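Trainee: Could you take a close look at one part of this model with me? I would like to hear about the cavity and what surrounds it, and then about the ring contacts elsewhere in the chain.

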Amino acid sequence: MATSGSQLVVEFCEQANARVVFDSRRDSSIDMPRLQESWTAAPERRILVWLAAHTPSRIGPDHLTVLGLAAQIGAGAFYAAASRHRYALLGVIACLALNWLGDSLDGTLARVRHCQRPKYGFYVDHMVDSFGALALMGGLALSGYMHPWIAIGLLVAFLMLSIQSYLATHVFGEFRLSFWRFGPTELRLLLAIGNLALLWKPVVHFIGGKYRLFDVGGAIGLAGMSLMLVFFTAQNTVRLYRAERISR
């Protein structure tokens, strides 16, 4: 396909001044399709729309984004406190519920009120997710319920999956919110259930040995996230290779 003169100018300017490309695309929207195929997606969507319709007008999407971040930082702080007081694990569950409310409702509220800011929301939400994951995994590493290296591994796997997802969003124009029917809500539910289990039985027998419950769960989660990363990276690589074959 021949390249138009205007496209050549933009491509040349991109190498000299990236601001030119940004300005040339200022009016384009990145409100791309959102692929949410998790187990809880359908009922969660109905609940969020109802909550958005009944949210007081003085509360805006930014307030909910801040709530989500504060709650995730709080969850990390309660995990760290659980090393001395195990009932701080109940505080983690409360913070996970608030994090779900803030993190899930902010975008729905913006769409219901027709006040979306796609680029702002996309950037801020996902930077907030990164800082929140750092706080949460940091708290787990300090909790005594999970080996610090497993917590670090989970953080790295989360960030690698995030990078994969953001790159796929850029090249395919679609944003995937779940992988193999698991999304953020399912992970929060598993973590909350795991916290209750910790209060009852923090150490389990597994493959002939005794291990901390969250070490076993964390290792399984790390293996699953690594498999997802490899699978979707390979899938997207093949998809792009087939879409951009070189003519000989």
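Mentor: Happy to. A residue counts as buried when its relative accessible area is under 20%, as exposed when that area is over 50%, and as partly exposed in between. With that cut-off, 35% of the 248 residues of the chain count as buried. Please keep in mind that this is a predicted model. The chain has nine helices and four strands, and from the N terminus on its elements run α-α-β-α-α-α-α-α-β-α-β-β-α.

Now to the cavity. A search of the whole structure finds one cavity of 30 Å³ or more, and its volume is about 40 Å³. The lining is made up of L64, T65, G68, L69, Q72, N99, G102, D103, V128 and D129. Three elements give two or more residues to this lining: helix 4 (61-81), helix 5 (88-112) and helix 6 (118-143). Helix 4 provides the largest share, with five residues. By character, the lining divides into three nonpolar, five polar and two charged residues. Glycine counts among the polar residues in this scheme, which is worth remembering because G68 and G102 are both in the lining.

From the cavity we can follow the chain through the loop between helix 5 and helix 6, where H114 is found. Most residues other than glycine have a negative phi. H114, however, has a positive phi, near 55°. H114 is also exposed, because its relative accessible area is 68% and the cut-off is over 50%. A little further along, R117 lies over the face of Y120, at 4.1 Å from the ring centre.

Helix 6 also takes part in a ring contact. A pair of aromatic rings is described by the distance of the centres and the angle of the planes. The search of the whole structure finds two aromatic pairs. In one of them, the ring centres of F122 and Y166 are 6.0 Å apart and the planes stand at 70°, so the pair is edge-to-face. F122 lies in helix 6 and Y166 in helix 7 (residues 148-172), so this contact ties together parts that are 44 residues apart in sequence. Both partners count as partly exposed: F122 has 22% relative accessibility, and Y166 has 25%.

The other aromatic pair is F231 with F232, again edge-to-face, at 5.1 Å centre to centre and with 90° between the planes. Here the partners fall into separate classes: F231 counts as partly exposed because its relative accessibility is 37%, whereas F232, at 6%, counts as buried.

Let me return to helix 6 for one more detail. S143 lies in this helix, and its relative accessibility of 2% is under the 20% cut-off, so S143 counts as buried. The side chain of S143 reaches the backbone oxygen of L140 at 2.7 Å.

One further charge-over-ring contact rounds off the tour. The charged end of K201 sits over the ring of W200, 5.8 Å from the ring centre.

How values were computed: Residues numbered from 1 in each chain as written. Predicted model: local features only at pLDDT ≥ 70, side-chain atom pairs only at ≥ 80, totals over all residues. Heavy atoms only, no water. 1 Å grid on protein atoms, 1.4 Å probe; cavity = no way out; pocket = protein on both sides within 12 Å on 5 of 7 lines; lining within 4 Å. Points joined across faces, edges and corners; volume = space filled by probe spheres on them. Phe/Tyr/Trp six-rings, centres within 6.5 Å; stacked < 30°, edge-to-face > 60°. Buried < 20%, exposed > 50% of the residue type's maximum accessible area, 1.4 Å probe, protein only. Lys NZ or Arg CZ within 6 Å of the ring centre and 35° of its normal. Polar contact = N/O pair within 3.5 Å; in protein donor to acceptor, adjacent residues only side chain to side chain.
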